[in-house]
Amino acid sequence: MKNKYFKVLMIFFVCNAMYAQKQPNIIYILADDLGIGDLSIYNENSKIQTPHLDNMAKEGMRFNDAHTSSSVCTPTRYGILTGRYNWRTPLKEFVTWGNSPSLIQKGRLTVAQMLKENGYKTANIGKWHLGLNWTMKNNSLEFDHYSEQSNRLNFKDIDYSQPLKFGPLDMGFDYSYIIAASLNMPPFVYIENDKATMVPTGISSQTKKQSPYATWIRGDIADDFKHEEVLPNVVKKSISFIKDNANKETPFFMYIPLPSPHNPVLPIAPWKGQSDIKSPYADFVIMIDDLMGTIFETLKEQGIDQNTLVVFTSDNGFATTNDLKTLRQNKHSPSYIYSGYKGSYLEGGHRVPFLVKWPEKIKPNSVSDVTICTTDFMATCAEIIHYDFKDNEAEDSFSMMPLLTNEGDYLRDATIHHDKYGVFAIRKGDWKLIVSPNSGIMASGETKKHKDVYAEEVLYNLKKDIKEKNNVAGQFPEKVKELKDLLTQQIRDGRSTPGKVQKNDAYNGEWPQANFAFYSK
């Protein structure tokens, strides 16, 4: 009888192990400020060649109408990890800083936590930029999460020798190796598993006299931190994690938010000076492409590339601070055929390269023209592991699995865009409506006026006007009303997916960009 019980138990464990092995490894690679026109697979006139990423597209699926949930980085990162639009938080415009408290609140489900609780080993390697709850000296004031009243901690009060009070390890990551924010924002320290690898002892600054495209804000820096080494270190740590966790019974999930090609633009040998147009930015993109090639090759060497889902995208469009003048002179368009750049509600601000490879499921050379959003990653992972969301989880995430496998229906009906200044736009089909384009208010309180835009509503038909030059709101008032009503509903309901109405996070400040949703004329 004991032997029979033992055999049944062994069969149970073997079946569980086999099931775990069938689940794909998942890798999400997020470039920083990479324009859709910077990948040669998207831009037939590109002056930058990206053969490794082009090959990834050929081995999997290329999305031509993929959008970030915001045209700047922090908000997009929030949406990727939570499946929720960022403007539902107290961050209504712009980004967090290296000394900001956590934007992700305690109790908010992340994709890492969801996967970890369902058998995945999880890792986060790269640029965080979502706020961190640092330990403060002498029990000085610290905050539980980001809010309009408490959006920055005092650098001099941070105790770098102590672990974070709340960081990636508290959000579902088993391993974490990060920088706090963008590569141009202090503090300049590596944080491994919620603790700085070295306590900063110096102050670092880089002036425009040395290089106008390789500058950073003056601030705390540790002895082991060299700006030009951060991207290679992120890739080395990522490859090490892959090798350590390949072919284990437990599948792994890696979130790899690259710090580049965001300013400072720091290509190193052998990539420095290698681009045909002699642009440091072009060199940097080539460097990224080559380093991504080493990750892809590692997956093949480990024999796990067939059942590994890899996503490559960018957190927003190209940043004009990265030597746009030289690129234009050499007839390279980082936004491709689209108007606008990083920070804009125009297509170039948030329409990004989006490549997905999963040989066991996705047919090679697949192309999708369906409109998707970066918030959709969480629901896609949930479908893979058969996880059912609660009403207060992933409120703006729709599974992309029907698109990847060509089975079933992709349920996203509309996508909300959000610019640097918190201005809203909504896309449905060929139509895009920008609401109150002059409502954005900067942190200083200065009203941000969008040049040459005076209308209260701006409507574009992207099928006929992809460069967004002709406002047809006056010709289609019924379409304006339809889209504005839908945007209002999705803002008020706290969700854009089916389910019970949810509350947006508490916010005591002014929210002029959303006045149209709460105050009727």
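This talk goes through one helix, one helix pair and some aromatic contacts in a predicted model.

I'll start with helix α3, which covers residues 73–82. Is it covered or not? Mostly covered: 10 of its 10 residues are buried. Among them are C73, R77, Y78 and L81. As for what those buried residues pack against, the list has strands and helices in it: β1, β4 and β10, together with α4 and α9. In residue numbers, β1 is 25–31, β10 is 252–257, and α9 is 377–385. After α3 comes G83, and the phi of G83 is positive, near 70°.

Next, the helix pair. Helix α5 runs over residues 230–245 and helix α6 over residues 280–301; their axes come within 10 Å and cross at roughly 10°. Angles under 35 degrees count as roughly parallel, and that is why α5 is described as roughly parallel to α6. On the α5 side the contact is made by L231, P232, V235, S238, I239, I242 and K243. On the α6 side the contributors include F284, M287, L291, I295 and L299. Sorted by class, this contact has 12 nonpolar residues, 3 polar and 1 charged.

Now the aromatics. The structure holds 24 aromatic pairs. I'll take two that share Y255. In one pair, Y28 and Y255 have ring centres 6.5 Å apart and planes at 45°, so this pair is tilted. Y28 belongs to strand β1 and Y255 to strand β10, so to speak of distant parts of the chain is fair: they are 227 residues apart. Both rings belong to buried residues, with a relative accessible area of 0% for Y28 and 1% for Y255.

The other pair is F173 with Y255. Stacked or tilted? This one is stacked, at 6.5 Å centre to centre with 25° between the planes. F173 sits in the loop between β4 and β5, while Y255 is in strand β10, so the pair ties together parts that are 82 residues apart in sequence. F173 is buried as well, at a relative accessible area of 2%.

These residues belong to one aromatic cluster, formed by Y28, W128, F173, F253, Y255 and F377. Two of the strands named here, β1 and β10, are also on the list of elements that the buried residues of α3 pack against.

Last, two charges over rings. The charged end of K92 sits over the ring of W511, 3.7 Å from its centre. For R152 the ring is that of W97, and the distance from the centre is 4.1 Å.

Notes: Residues are numbered from 1 along each chain as its sequence is written. This is a predicted model: local features need pLDDT of at least 70, side-chain atom pairs count only at pLDDT 80 or more; totals for chains, interfaces and linings use all residues. Side-chain values use heavy atoms; hydrogens and water are left out. Buried means under 20% relative accessible area, exposed over 50%, partly exposed in between (1.4 Å probe, protein chains only). Helices (H or I, at least four residues) and strands (E, at least two) are DSSP runs, numbered from the N terminus. Contact means heavy atoms within 4.5 Å. Axes are lines fitted to C-alpha atoms, for helices over the stretch in contact, and angles run from 0 to 180 degrees between N-to-C directions. Angles under 35 degrees count as roughly parallel, over 145 as roughly antiparallel, 65 to 115 as roughly perpendicular and the rest as oblique. Ala, Val, Leu, Ile, Met, Phe, Trp, Tyr, Cys and Pro count as nonpolar, Asp, Glu, Lys and Arg as charged, and the others, Gly among them, as polar. Rings of Phe, Tyr and Trp (its six-membered ring) pair if their centres lie within 6.5 Å; planes under 30 degrees apart count as stacked, over 60 as edge-to-face and the rest as tilted. A charge sits over a ring if NZ of Lys or CZ of Arg is within 6 Å of the ring centre and within 35 degrees of the ring normal.
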